[in-house]
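Please open the model in your viewer and keep the selection tool at hand. This tour goes from one selection to the next and says what is found at each stop.

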Amino acid sequence: MRQAGAESSALIDPANAPSGKIAQLCLPLIHQHWAIGVLYLEADGDAEIFTPRCVWVTSMLANQAAVSFESVRLFEALRETNMWMVRGQQIGGMGSYRWNTRTLLSRGSRECYRILDIDLDVNPVPFEVFRSRVHPEDYPALEQALTEAISTKSPFTHEYRVVHRDGKTLHVVAVGQFDEGPTGDLELEGIITDVSQRKAAEQALADARNELARATGLTSLGELAGSIIHEIDQPLTGMIMSAEACLRWLARDPVQAAEARKSAARIIRQARRAAEVVTGVRSLVRGTQVHFAEFDINDAVAEVLLLSKREIERAGVVVRTDFDRSSPRVEADRVQVQQVALNLVRNAIEAMAGVEDGNRILALSSGVADGMISVAIADTGAASARPIESGSSRRSIRRRERDSVWDCRSAAR
């Protein structure tokens, strides 16, 4: 606090400055030992206008003002952060939730309410309301997953469908972990994510692949059929003409045996030509061009599993591997080996389609025995009438170490 002339005033217009002295008081605004501003006061006349009691009261008001200003700043920062969080959840299609396992009541963010199609005024959300949104076919598996997670207090992850009141269906993934709530109850806190677009994209990709495979197969079949017709039509026509000529030579009187033999010889030549065409087509179908190179058979099969990961997960298949990493490298056509392994894996997945969830097991193993590297693929699908080892199909791919000849065998179902 000080007394000064009017010319030093920060608030008085210099053009209309009073002739007397002014009293000035400046107090810092302190919040948690930090200065966040100042309180500046001016008064005309004697400096005694700012008495000690006045200064004390003003200081107390300054402290309250500092708290208020800081509260406003923190509130704005919190509001902005909350706005970013809400916007982020909307963009990401995910909502946060917290579920009390004793009361079965839950609370969630706005996005969580949107995903589950629950009115915002329903707070907290009873479990019955949540259950009414779960697809009836998916609820038993969800209930079992929740029961197992609660009993072991392990992280929870489950995918299921949500049905809105207007009939719209969403695919969602819920994840969470357990901790103790404010009341001491066990609570599940986590995030629920709308993955409908991802599911639709995956289905569209699968449909496109199937359509491409079908179109490619039809194109190849059409080209192959056209080639066969063109190549075999000529020798067949020649055989018919030669046979008719042979009959005419034999019908003459006297019989023209020499000419008939010539026609029969032409029939034989044309038949051999047709047989050569069939042999060539068979070789084309089998594929005679092979690129041999050394590679790790375990890595090649592991790549097949990686490429089939989405198909394996969708089918609910559990994969178990037991690869012998001490196996030597093999020399063969890596692509053909992987094509064989891929076909066996897909056949195994299809064979287990009717098996109950949790019992669909795909086992892959490798080892060295009798100078050969063996890769075995086994599944728990239904066996045919012919007995199969341990009630499951087994298939093996083997390489002879000396001549690099692959022997692929498949057990019939």
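**First stop: helix α9**

Select residues 334–351, which form helix α9, a helix of 18 residues that reaches 26 Å from its first C-alpha to its last, close to the 26 Å expected at 1.5 Å a residue. The expected span of a helix is taken as 1.5 Å times one less than its number of residues, and helices (H or I, at least four residues) and strands (E, at least two) are DSSP runs, numbered from the N terminus. Before going further, note that this is a predicted model, in which local features need pLDDT of at least 70 and side-chain atom pairs count only at pLDDT 80 or more, while totals for chains, interfaces and linings use all residues. Residues are numbered from 1 along each chain as its sequence is written, and side-chain values use heavy atoms, with hydrogens and water left out.

Now colour Val337, Gln338, Ala341, Leu344, Val345, Ala348 and Ile349, which are the buried residues of α9; buried means under 20% relative accessible area, exposed over 50%, and partly exposed in between (1.4 Å probe, protein chains only). Seen down the axis of α9, these buried residues fall within an arc of 140°, so they line one face of the helix; the arc is that of the directions from the helix axis to the C-beta atoms. An α-helix has 3.6 residues a turn, so residues three or four places apart point the same way. On the face of α9 turned away from the buried side, look for the exposed residues Val335 and Glu350.

**Second stop: helix α1**

Select residues 52–92, the 41 residues of helix α1, whose end C-alpha atoms are 59 Å apart, which agrees with the 60 Å that they should span at 1.5 Å a residue. The buried residues of α1 are Thr58, Ala62, Ala66, Glu70 and Gln89, and what covers them includes β2 (21–31), β3 (34–44), β4 (94–100) and α2 (110–116), where contact means heavy atoms within 4.5 Å. Just after α1, select glycine 93, which takes a positive phi of about 65°.

**Third stop: strands β13 and β14**

Select strand β14 (residues 372–379), which is mostly covered, since 8 of its 8 residues are buried. In a regular strand the side chains alternate between the two faces of the sheet. Here Met372, Ser374, Ala376 and Ala378 point one way from β14, whereas Ile373, Val375, Ile377 and Asp379 point the other way, and all are buried.

Add strand β13 (residues 361–369), which pairs with β14 in the antiparallel sense over 8 bridges; two strands pair if DSSP finds at least two bridges between them. To follow one bridge, select serine 365, whose partner in β14 is alanine 376. The hairpin of β13 and β14 has 2 residues between the strands, and in this hairpin aspartate 370 takes a positive phi near 55°.

**Fourth stop: aromatic rings**

How many aromatic pairs does a search of the whole structure find? The search finds 3, where rings of Phe, Tyr and Trp (its six-membered ring) pair if their centres lie within 6.5 Å, and planes under 30 degrees apart count as stacked, over 60 as edge-to-face and the rest as tilted. Select phenylalanine 130 and tyrosine 160, whose ring centres are 6.4 Å apart and whose planes are at 90°, so the pair is edge-to-face. This pair links distant parts of the chain, with phenylalanine 130 in helix α3 (residues 127–133) and tyrosine 160 in strand β7 (residues 156–163), 30 residues apart. Phenylalanine 130 is buried, with a relative accessible area of 15%, and tyrosine 160 also counts as buried, at 3%. Add Trp99 and Phe127 to the selection, and you have one aromatic cluster together with Phe130 and Tyr160.

**Last stop: salt bridges around arginine 98**

The structure holds 17 salt bridges, each being a side-chain nitrogen of Lys or Arg within 4 Å of a carboxyl oxygen of Asp or Glu. Select arginine 98 and aspartate 179, which form a salt bridge with their closest N and O atoms 2.8 Å apart. Aspartate 179 lies in strand β8 (residues 169–180) and arginine 98 in strand β4, so the pair ties together parts that are 81 residues apart in sequence. Arginine 98 is partly exposed, with a relative accessible area of 23%.

Next add glutamate 187, whose side chain meets that of arginine 98 in a salt bridge (2.3 Å, N to O). Glutamate 187 is buried, with a relative accessible area of 8%. Finally, select Glu189 as well, to see the network of salt bridges that links Arg98, Asp179, Glu187 and Glu189.
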